[in-house]
Amino acid sequence: MKFSKLTEYFEKLEETSSRLSLIDILSDLFKETPASEIEEIVYLIQGRLAPFFVPLEIGMAEKNVAKAIAFAFDTTPEKVTKEFNKLGDMGLTAESLRSGNKLNTNENMQLGLSFSLKKVTVGDLTVSQVFETLTKIANTKGEGTVEKRQNLLSTLLQKMDAKSAKHLVRIPLGNTRLGIGDPTVLDGLATAKLGDKSKRKLLEGAYNRTSDLGLIAKTLWEKGLSGVEKLEVRVGSPIRSELCERLPTPDKVIEKMEEVDAQYKYDGFRVQIHKDGNRVRMFSRNLEEMTHMFPELITASLKQVKAENVILDSEALAYNPDSEEFLPFQETTKRRRKHGIEEAAKSLPLKAFVFDILYKNGKQLLDKPLSERMEILKETIMEDDILIRTKNQIIKDPKVLATLLEDSISRGLEGLVVKKLESPYEAGGRNFNWVKLKRHSAGELNDTIDCVLLGYITGKGKRIAFGAGALLVGVYDKKTDEFVTVSKIGTGLTDEEWREVHKRADRISVSKKPARVNSTIVPSVWIKPEIVLEVLADEITRSPVHTAGKTEEEPGYALRFPRLVSFRSSDKKAEDATSVEELIEMFKQQVR
Ligand code: ATP
């Protein structure tokens, strides 16, 4: 496929503000895509060159992309910057400059750049050729990287029409504006190849096991649905985490689940540990590779794990074994900073509380019952103080469970996770196989809600200085892959927090409602759904104004007295926010 053809589709995707038409456009695109390019196209749609968990980023600074544009289109970096200041987007800048310039030659030579000025027709590059050069840019390292990358990018730009140039330059800037979520890509693939978007379900198992949309698409094109269904867990590719449902009290737990494996709920960082021979890699709950952040866990995995290859599920947190103190989540997340990791590993060493094993010595263990996985885990980790096997207790008496909950809270933990003994590991699932049990205080829901910032309403008076008066927040509708509104948060934020919101939000503000946002409220400024805020509220109520859970007949759901607890973007993607289903479940459970 020609790259210019692909960008025609990008144009359409960018234009639409309806999610259903996103699926249709994607499906038309996929129908035209040959097996040899489907993987590349699936990654490019999300502005990437590899699945999310592979840290292959092109990462060029704005000023360097500006230089590449200048070289390609026979102008000066100053002129590019001027145009950029006017248009506010490098894609539009490239488009505008390309439109005013047919094909480059001389001025660049005077700037000292050496291009191979082969005669090319604008617009005849294929997707694969562009993908290959972008990959080369991403892999360029060492001395002269900046110049080499500029050179490669401007060589590509020279051969492109205006629209292609617009979309191309957004890729190295990490600024593709299509905002297409994984479920929507799966819907598109299912529609194109299996005839109907409801067939997305058939692809989801493989997606939950491999987290790799490109691999799924390629397999579907080459081997059909049966090939996709056979895709297994791979060491090195993160498995989508199993998550918890909520129940309000120990009594309710035993009533519903009868007998449970009860474990402490540690409030740290979810880390999936993949060990393959001498190589250890780690992934966060939102599937990001974070190996470099936890050197002490690498050493411990090599020392303590008795298996050639293994995938473990764990919660990492800073813990002082002498005082038996667990450090709060905020302290632990400081470790995500890129600098000072070695020092932090010394001053604030982490422990990983391992609570599950998903793969061992070439065998996938997802289908084994929890009780069996816990036995296998016992034989796999040697005693030590870095990887610690989570203590667990089998309980069927609600009183015993209540005492354990008290015990956990008195230790400064969040509560308990109780699990069904016979349950398999349901990658990507959130159901009553795993249930979290937390402390409950009067006048509060017994759990926070992770909301996505969708926009803000400009404030009056003092707040205007910070550019926000109320935040429009939503939750995630998994079925439709949309963000639906649940609340406006206006009170309870400190001036500092408003500034922080403003700082994070304004970088990703957009001029119109993103296609995957469903809202009847129109804020002053729309924000790309990326920022996750942890919110506490007194109650969930029904509301005709909000779109969360709203149907033609029924009103939606809203939060009463919402207040910001923390920013959670460091470990959660927008799609990891609380889902509509969970919200409704919490509504049903609330003690009235
Ligand atoms: P919260 O925001 O309440 O921490 P969450 O939205 O991050 O929850 P949940 O599904 O509600 O995720 O809770 C499960 C999380 O609890 C897991 O993602 C994991 O990080 C953590 N956790 C701590 N201890 C355990 C345990 N023993 N078993 C499973 N998960 C645990």
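Here a biologist and a modeller talk through some terms used for this predicted model.

Biologist: Hello! What should I know before we start?

Modeller: Residues are numbered from 1 along each chain as its sequence is written, and side-chain values use heavy atoms, with hydrogens and water left out. This is a predicted model, where local features need pLDDT of at least 70, side-chain atom pairs count only at pLDDT 80 or more, and totals for chains, interfaces and linings use all residues.

Biologist: Which residues come nearest to the ligand?

Modeller: Arg270, Arg285, Glu315, Lys436 and Lys438 do, out of 21 residues around the ligand. A residue is near a molecule or strand if one of its heavy atoms lies within 4 Å of it.

Biologist: What makes the pair between Glu315 and the ligand a polar contact?

Modeller: A polar contact is a pair of N or O atoms within 3.5 Å; within protein, one must be able to donate a hydrogen and the other to accept it, and residues adjacent in sequence count only if both atoms are side-chain atoms. A polar side-chain atom of Glu315 lies 2.3 Å from an oxygen atom of the ligand, so the pair meets the cut-off. For Arg285 the distance to a ligand oxygen is 2.8 Å, and for Arg430 it is 3.1 Å. Taken alone the ligand exposes 610 Å², and the protein buries 96% of that (Shrake-Rupley method, 1.4 Å probe; for residues, only the protein chains shown count as cover).

Biologist: How do you know that the ligand lies between two domains?

Modeller: Domain 2 (243-438) and domain 3 (449-589) both give residues to the shell around the ligand, so the ligand lies between them. The domain bounds come from an automatic or database domain assignment.

Biologist: Why is Cys451 called buried?

Modeller: Buried means under 20% relative accessible area, exposed over 50%, and partly exposed in between (1.4 Å probe, protein chains only). Cys451 has 0%, so it is buried. Cys244, at 11%, is buried too.

Biologist: How many disulfides does a search of the whole structure find?

Modeller: The search finds 0, where a disulfide is a pair of cysteine sulfur atoms within 2.5 Å.

Biologist: And why is Asp74 called partly exposed?

Modeller: The relative accessible area of Asp74 is 21%, so Asp74 falls in the partly exposed class. Phe73, at 2%, counts as buried. Phe73 lies in the loop between α4 (62-72) and α5 (77-87), and so does Asp74 (helices, H or I, at least four residues, and strands, E, at least two, are DSSP runs numbered from the N terminus).
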